[in-house]
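Here's a quick tour for anyone meeting this structure for the first time. Have a look at it, then read on.

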Amino acid sequence: MRKIMRWMRAAARKARADAGMTTSEYAVGTIAACAFAAVLYKVVTSPAVMAQLQSLLKDALDAKF
């Protein structure tokens, strides 16, 4: 039982020591988020998607109740 308790304490110390991201991980994450945002912006502003969104909004506003 003591072995298990020692192992659990050691695992908890290691988890606390590794918690959070380093500066380089934040930088890579920020670049990835910006790249995803740029791709999403290009897709949403493409003529085909804009036409579909306009059609969807027009149909929603012209709905009969």
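Which helix gives the largest share of the nonpolar patch? That would be H2, with five residues. Keep in mind that this is a predicted model.

Let's step back to the overall layout. The chain has three helices and zero strands, so reading from the N terminus you get α-α-α. Of the 65 residues in the chain, 0% are buried. The accessible surface adds up to about 6300 Å², and carbon and sulfur atoms account for 70% of that.

Now back to the patch on the surface. Its members are Phe36, Val39, Leu40, Val43, Val44, Met50, Leu53 and Leu56, which together offer about 720 Å² of accessible area. Helix H2 covers 23-44 and helix H3 covers 47-61, and each brings at least two residues to the patch. One of the members, Val44, sits in helix H2.

There is also some charge pairing to look at. Side chains with opposite charges can pair when their charged atoms come close. Here the count is one salt bridge: the side chains of Asp62 and Lys58 meet at 3.6 Å, N to O.

How open are these residues? The table puts Val44 from the patch beside the two salt-bridge partners.

| Residue | Relative accessibility | Class |
|---|---|---|
| Val44 | 34% | partly exposed |
| Asp62 | 47% | partly exposed |
| Lys58 | 52% | exposed |

Lys58 counts as exposed because its relative accessible area is 52%, and the cut-off for exposed is over 50%. Asp62, at 47%, is therefore partly exposed.

Note on methods
Residues are numbered from 1 along each chain as its sequence is written. This is a predicted model: local features need pLDDT of at least 70, side-chain atom pairs count only at pLDDT 80 or more; totals for chains, interfaces and linings use all residues. Side-chain values use heavy atoms; hydrogens and water are left out. Patches are made of residues with over 30% relative accessible area and no salt bridge: like charges are joined within 9 Å, nonpolar side chains (Val, Leu, Ile, Met, Phe, Trp, Tyr) within 5 Å. Accessible areas come from the Shrake-Rupley method with a 1.4 Å probe; for residues, only the protein chains shown count as cover. A salt bridge is a side-chain nitrogen of Lys or Arg within 4 Å of a carboxyl oxygen of Asp or Glu. Helices (H or I, at least four residues) and strands (E, at least two) are DSSP runs, numbered from the N terminus. Buried means under 20% relative accessible area, exposed over 50%, partly exposed in between (1.4 Å probe, protein chains only).
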